[in-house]
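Colleague: I should be grateful for a close look at a single part of this protein, explained for someone in the first year of study.

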Amino acid sequence: MTVDVLVVGAGPTGLTLALEAHDHGARVRVVERRPEPFRPSRALILHPRTLEVLRPLGVTDAVLERSDTAPAAVLRLGSRVVETRLAGFALPETAFPHLSLVRQTDVEDVLTRALAERGVRVERGTELIAARDGGRNAPAVLRSPHGTEEIPCLFVAGCDGPASTVRACAGIGWHSRPYAVEVVLADLDLASASGHPGPSGAQVFAGRDGLVFLFPLGEQASWRLLATRAAGDGLGQDFGQPGPAVPQAELQRLMNDAGTQARIERLAWSARVPLRCGLARRFRRGRLFLAGDAAHNYSPATGQGMNAGIQDAVNLGWKLAFAAGRAGGGSPAGSGDDVLLDSYEEERRPAAHRRLLLTHTAFWLEASTGRIPSWLRGVAAPHAASLVPALLERRRLVAEAVRVVSQLRVNYRHSPLSVQGTPLLRGAPRPGDRLPDATVSIGGVPQRLHQLLAGPGVHLLVQRDADPPPQAATGAQLTVLRLANSPGRGLVAVRPDGHVGFQCGAADPVGLLGWLALVGAATSSPVRA
């Protein structure tokens, strides 16, 4: 049987992409060269925007059950202590106004179970040997304990990490450079006699040599330590992958130098992780695509890795499914598919580049051993500690910082899929913008808009007095919602990833049908009044 989408890699990116493509009608297959899930977790945080894009896949509630959605954080700047909670931000436009502490392993487990419920099994111990763009398909060769097989598939999605086999098969180059600073990870138990760290949640110690984080999320012990230090000899190591263990005495010295009085009682696991920042020159070559760490590498600053990969996956998954559906329906591949599939790189690579600048700047402040950042952490920060509570009280300022870090501000206004109809619908999000959450009514009790959109496909939001969409706009991948509390004659078409694709201030059937044809959306549901 021909596979529509072969997903290579079963981390958060690959699992999300498989779910997104499957839920939009694609036949998917997921392979992972590792025989067992990777342990321990490297990512520990989910941002509001990531929870939003996961919601239509029906997994957000399960993820939140395993998360701390109101994490306490204690920032120690020399002798100064600042306590805060990473929740309750002034973000009325999202249902998730908080940061969520959750292990990557828990996210992967939820996604894997969701795939299994849909009849999709992750094939562990199965490695991609070769893949190529065949023009009308993408033949791939897999090797497993059962032997070698060549499979026909329409698309190959490389979610296989920094040393991506798919990227090598596609011949896509890589802009990157190593950091002079490495990360140290460890799971450990701490003696509590000194009172540091206390039971109040995540601890952050700032010193001249960098930051030391302690999260109550260890997998083999009570605490997960994340620290930065000058990089050692990284030759022969995979960037971003855990390397040799770090002796307990070195870990204790890192903690002591940062100012914590806690004593390591038991060390369960440790590793040094060499880092680099990098960006693939392209995210697509023909029918081969890159997502997540295969397309971009970041420092751990601001927690972008897992979040960026999941957001890549949701952007790409529905596009591959719609393109596969168009091919399966007998429609010839052509400029429509080219525009749809090219839009992935056109949308996500600029977002990745901006994110690279954000993480690089944050990591310089957090971990660089240079004179200026060391002085800022070791001297300026303790003296300015008394100002931090006042800054945290500036709710709008804090909320804006969260919007930037969590990618709520990302838009695709210059994408070929962002089409403005005639006339303009004033006061509405522009094509390419993320659709904010709001309270709406479609008859009966008011509901939150994102909850109504928490399902696959394209959603057409028509204002109260608008003409019905044209009869040709019917099929399996479109839902029409009439907003009874929104006077006017306008229409907004919302893509499966929650971005506005098309809008108009009055009936524009030609523009709407043209946009639906452009993205390959089939449509079906009747108007719900």
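In which sense do strand 8 and strand 9 pair, and over how many bridges?

Modeller: The model is a predicted one, and strand 8 and strand 9, the latter covering residues 140–144, pair in the antiparallel sense over four bridges. In general, the strands of a sheet pair through backbone hydrogen bonds, either parallel or antiparallel. One pair of residues illustrates the arrangement here: E127 has R143, in strand 9, as its bridge partner. The two strands belong to an open sheet of three strands, whose order is 8-9-10 and whose pairing is antiparallel. At the edges lie strand 8, with residues 127–131, and strand 10, with residues 147–151, and each of these pairs on one side only. From one strand to the next, the twist averages 25°.

A word on confidence should accompany this description. The average pLDDT of the protein is 89, and 93% of the residues score at least 70. Over residues 195–199, however, the pLDDT is below 50, although this stretch has twelve contacts in the model beyond near neighbours in sequence. The pLDDT is also below 50 over residues 523–529, a stretch with 28 contacts in the model beyond near neighbours in sequence. Where pLDDT is low, the predicted coordinates should not be read in detail.

Definitions and conventions
Residues are numbered from 1 along each chain as its sequence is written. This is a predicted model: local features need pLDDT of at least 70, side-chain atom pairs count only at pLDDT 80 or more; totals for chains, interfaces and linings use all residues. Side-chain values use heavy atoms; hydrogens and water are left out. Two strands pair if DSSP finds at least two bridges between them. Axes are lines fitted to C-alpha atoms, for helices over the stretch in contact, and angles run from 0 to 180 degrees between N-to-C directions. pLDDT is the predictor's confidence in each residue, from 0 to 100. Contact means heavy atoms within 4.5 Å.
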